[in-house]
Every structure is written in structure tokens, then in C-alpha cells.
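Student: I should like to learn how to read this structure. May we begin with the strands and then move to the interior?

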Amino acid sequence: MTTIYHNPRCSKSRATLALLEERGLAPQVVLYLDTPPDAATLADLVARLGLSSARQLLRQGEDEYQTLGLVNPALSEAEIIAAMVAHPRLIERPIVVHGPRAALGRPPENVLAIL
């Protein structure tokens, strides 16, 4: 089973979805801005991506990053994840999950390593 956390307005997300489809995959598409992942799912994605911190999954260019004070290095993992659950625009995209592994589609070709 392959899943993509997708934002159709994002060119990298569209390109990653197209790359998966070109490879004959029909991934489950999660429109994460409409149905954000819960805290447990985000923590699982951070682990599957091999990230050392949820902070690495934050989109620092979003307005919410500044207004919520997410630059603060004292924030816990739980606080960072809670911010992403409440404000899913903060989640870096696209994320592709294939079996037990995950990859960030930036660039889209990154996901080929987990297929």
C-alpha cells in the first residue's frame, strides 16, 4: 500500500503523484489540508522518514511558523507536532509512505528510494 500526503496546489506534490502513477502505482491520496493527520500519525511519519525531530518536517516559510513562535528551540516534540496538527499548512509536503518506509518528495525523485 502506498499513501501520499498531498496538496494539489503544490507543484512538487503534483509531480510526486505523477511519478508514482507513471510507475503503475495508485496511491491512496490523503488531502492533508482537509483531513490533517493526528499527533500519533505525525509522530509515526517523523520516525518513518528517519528524522531526528518533528522540527525537520516544519515549513518555516509559512506565516504560522512565525506567529506561533515555532522558531523557539525550547519547544518540545509534542508542542511542534500539536502545531502541525492544528495548522497542517506547516507540514512539509509531499510525504509518501510505502510499506514501512516514507520519503519526502522534495525533489519528487526522492520517493523512488522507498519503492
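Student: How many bridges join strand β1 to β2?

Tutor: The model is predicted, so to speak of local features pLDDT must be at least 70, side-chain atom pairs count only at pLDDT 80 or more, and totals for chains, interfaces and linings use all residues. Residues are numbered from 1 along each chain as its sequence is written, and side-chain values use heavy atoms, with hydrogens and water left out. Strands (E, at least two residues) and helices (H or I, at least four) are DSSP runs numbered from the N terminus, and two strands pair if DSSP finds at least two bridges between them. Strand β1 covers residues 2-6 and runs parallel to β2, and the bridges joining them number four.

Student: Which residue in β2 is the bridge partner of threonine 3?

Tutor: Strand β2 spans 28-31 and is an edge strand, pairing on one side only. The bridge partner of threonine 3 there is glutamine 28.

Student: In what order do the four strands lie in the open sheet?

Tutor: The pairing in this sheet is mixed. At its edges are β2 and β4 (101-104). The order is β2-β1-β3-β4.

Student: What angle does the direction of helix α1 make with that of β1?

Tutor: Helix α1, residues 11-22, packs on the sheet and is in contact (heavy atoms within 4.5 Å) with β1, β2 and β3. Axes are lines fitted to C-alpha atoms, for helices over the stretch in contact, and angles run from 0 to 180 degrees between N-to-C directions. The angle between α1 and β1 is about 165°.

Student: Which helix gives the most residues to the largest nonpolar core?

Tutor: Such a core is a set of buried Ala, Val, Leu, Ile, Met, Phe, Trp, Tyr and Cys residues joined through side-chain atoms within 4.5 Å. This one has 21 residues, of which Leu57, Met84 and Ile95 touch the most other members. At least two residues come from each of α2, α4 and β3. With four residues, the one that gives the most is α4.

Student: Is glutamate 64 buried or exposed?

Tutor: Glutamate 64 is found in helix α3, residues 63-67, and its side chain forms a polar contact of 3.2 Å with that of arginine 89. A polar contact is a pair of N or O atoms within 3.5 Å; within protein, one must be able to donate a hydrogen and the other to accept it, and residues adjacent in sequence count only if both atoms are side-chain atoms. Buried means under 20% relative accessible area, exposed over 50%, and partly exposed in between (1.4 Å probe, protein chains only). Because its relative accessibility is 17%, glutamate 64 counts as buried.
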